[in-house]
Amino acid sequence: MIDWLHHDTGGLLLLCAAAIALLLFLIIRVRLEPFISLLLSGLALALAAGLSVEQIVGTALSSKNSLLETGFGGILGHIAPIIGLGTILGAILEASGGADVLTRRLLRVFGERGAPLAMGLAGLIFGIPVFFDIGIFVLAPLVYITARRGGRSLVLYAMPLLAGLSMTHAFLPPHPGPVAAAGLLGVSLGWIIVMGVVCGVPAFLVAGVAWGAWIGKRVHVTVPEDYVVGEEMAGGETAGGEKGRAAERPEPSLGLVLLVIAVPLVLILLATFGTVWWKDSAALPTLTFLGNPAVALTIAVLLAMWLLGVRRGIPAAELSELATRSLRPVGMILLVVGAGAFFGAVISATGVGKALAGTLSDAGLPVIVLAYLISCGMRLAQGSATVAIVTTGGIVAPLLQGEHHGQAHLALIVIAISAGSIIASHVNDGGFWIVSRYFNMSVRDTLKTWTVLETILSVVGFAVAATLSVFI
């Protein structure tokens, strides 16, 4: 029996299924932190699969070659500086008033009739450097004002905004999900940016613009009298009156805001495609250095500190405090990603990956479809998009070993995993309750609007990725 579990395809797949079931039980029923749940599930799988203690945790004198240390360290060395720098960049853009400048300009350009689209574009652009929930906190008051002036349902303006924020959070760096999946599957972030835009923009247009316009006319949600006032008061009281101090400073220009957002993306893309377009050029080493994601984001952060901070009268001490405060939520994200990478390393070491690859080959199921389905299942079961991505990435990565997939194809698999991680947000997802609270919707209305929007984003994004994978 033990030999069958350790070496037979059926036994290995059973062990993997049991480990995932344990993971879901710990997160859903025991309500244990996902980081600890992933760690315990990985250790349990390693022991059940017969891996040696030395292989799992090393010896009392050295653990540098153990699965625990290499699983955590390998991925964190790749993503920690990217996520940290991206978080600081988003915090500076938020504190500088860049979101207000961007949204007001878009509203002027598109006018009252095009206000929903303007809100969607604001979410799409501002969502690149900031986390999903921060984007809601910053932009929600502007949605309230726009909906009140237009005299129409809050849903009509909120859905496009949420679609833009959710798409960038799921599909584009420097957000944790796509960055972690890229690290697990060994994909250049340049290709993730390209495929994220190619697959994400159609999903945004269908979910945010088309669905948002349709459902916005059928679900009427008013803006309560106290919402705008309450938000203004809350903003005025945060961090010792930061909003008040910001009001005394000149607003940044739209050009500066867009420049700070675009610089890291352009540098990363130039480095990625420079290896193809200018592979014999003397400029390639410079492009490679500047386009390294950590270097590109460092440049963007320094630009933001100077152009949006120091030049506008924000003291260096205040910028330092802002950076420190913005990084506090990042710790748990990094621990979850590291534990997920360890879980994936155990799956690879046990041989489950090879067994699953053989089963897929026999069934004729493409890896990109399996990746999407596993990610959907993880998302529906436990609610966290990040946990769904890192767990799925750990399961899928061994399937790709020995295969000769190009970077573009691997990027599409990452997008499929990311698309699965956002499907059908419901009551076990913290984002569901943020949307419900901030946009004055009952649970029923949130299910009818937000949950369907996330499902459309997921399905359309995957459909585009799957279609492209046939030709790439």
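This passage describes selected helices, backbone features, contacts, surface residues and salt bridges of a predicted model.

Helix α8, which comprises residues 132–150, contains 19 residues and spans 25 Å between its first and last C-alpha atoms, close to the 27 Å expected at 1.5 Å a residue. The helix is nevertheless interrupted in direction, since a kink of about 45 degrees is located at leucine 139, shortly before proline 141. Many residues of α8 are buried, among them Phe132, Ile136, Leu139, Val143 and Gly150. An α-helix has 3.6 residues a turn, so residues three or four places apart point the same way. In α8, the buried set also includes Gly135, Val138, Leu142 and Thr146. Just after this helix, glycine 151 adopts a positive phi of about 70 degrees.

Three further backbone features were found in loops. The peptide bond that leads from proline 173 to proline 174 is cis, with an omega near 5 degrees, and proline 174 belongs to the loop that joins α9 (154–171) to α10 (176–185). Alanine 424, although it is not a glycine, has a positive phi of about 50 degrees; this residue is placed in the loop between α22 (407–420) and α23 (430–438), and with a relative accessible area of 17% it is classed as buried, because that value is under 20%. Asparagine 440 is likewise not a glycine and has a positive phi of about 55 degrees. The loop that holds asparagine 440 runs between α23 and α24 (443–471), and the residue is partly exposed, with a relative accessible area of 31%.

Helix α23, which lies between these two loops, includes valine 435. The relative accessible area of valine 435 is 0%, so this residue is buried. When neighbours within four places in sequence are left aside, valine 435 is in contact with Phe132, Ile136, Leu162, Met441, Thr446 and Trp450. Of these partners, Phe132 and Ile136 are buried residues of α8, and the contacts of valine 435 therefore extend to that helix, given that contact is taken as heavy atoms within 4.5 Å. Glycine 58, in turn, is separated from valine 435 by 377 residues in sequence and by 45 Å in space, C-alpha to C-alpha.

On the surface, a nonpolar patch is formed by Val109, Phe110, Leu117, Val197, Val201, Leu205 and Val209, which together present about 500 Å² of accessible area. Two or more residues of this patch are contributed by each of α6 (98–110) and α11 (189–216), and the largest share, amounting to four residues, comes from α11. Valine 197 is one of the residues situated in α11, and its relative accessible area of 38% places it in the partly exposed class.

Four salt bridges are present in the structure. In one of them, the side chains of arginine 104 and glutamate 251 meet at 2.3 Å, N to O. Arginine 104 is part of helix α6, whereas glutamate 251 lies in the loop between α13 (242–247) and α14 (254–277), so this pair ties together parts that are 147 residues apart in sequence. Arginine 104 is partly exposed, at 31% relative accessibility, while glutamate 251, with a relative accessible area of 51%, is exposed.

Two further salt bridges share arginine 379. In the pair with aspartate 429, the closest N and O atoms are 3.1 Å apart. Because arginine 379 lies in helix α20 (residues 367–382) and aspartate 429 in the loop between α22 and α23, this pair ties together parts that are 50 residues apart in sequence. Both residues are buried, with relative accessible areas of 4% for arginine 379 and 11% for aspartate 429. In the other pair, the side chains of glutamate 454 and arginine 379 meet at 3.7 Å, N to O. This pair links distant parts of the chain, with glutamate 454 in helix α24 and arginine 379 in helix α20, 75 residues apart. Glutamate 454 is buried, as is arginine 379. Arg379, Asp429 and Glu454 are thus linked in a network of salt bridges.

Technical notes:
Residues numbered from 1 in each chain as written. Predicted model: local features only at pLDDT ≥ 70, side-chain atom pairs only at ≥ 80, totals over all residues. Heavy atoms only, no water. Expected span 1.5 Å × (residues − 1). Bend = angle between axes of the 7 residues up to and from the residue. Buried < 20%, exposed > 50% of the residue type's maximum accessible area, 1.4 Å probe, protein only. Patch = residues over 30% accessible without salt bridge, like charges linked within 9 Å, V, L, I, M, F, W, Y side chains within 5 Å. Areas by Shrake-Rupley, 256 points an atom, 1.4 Å probe, with all protein chains shown as cover.
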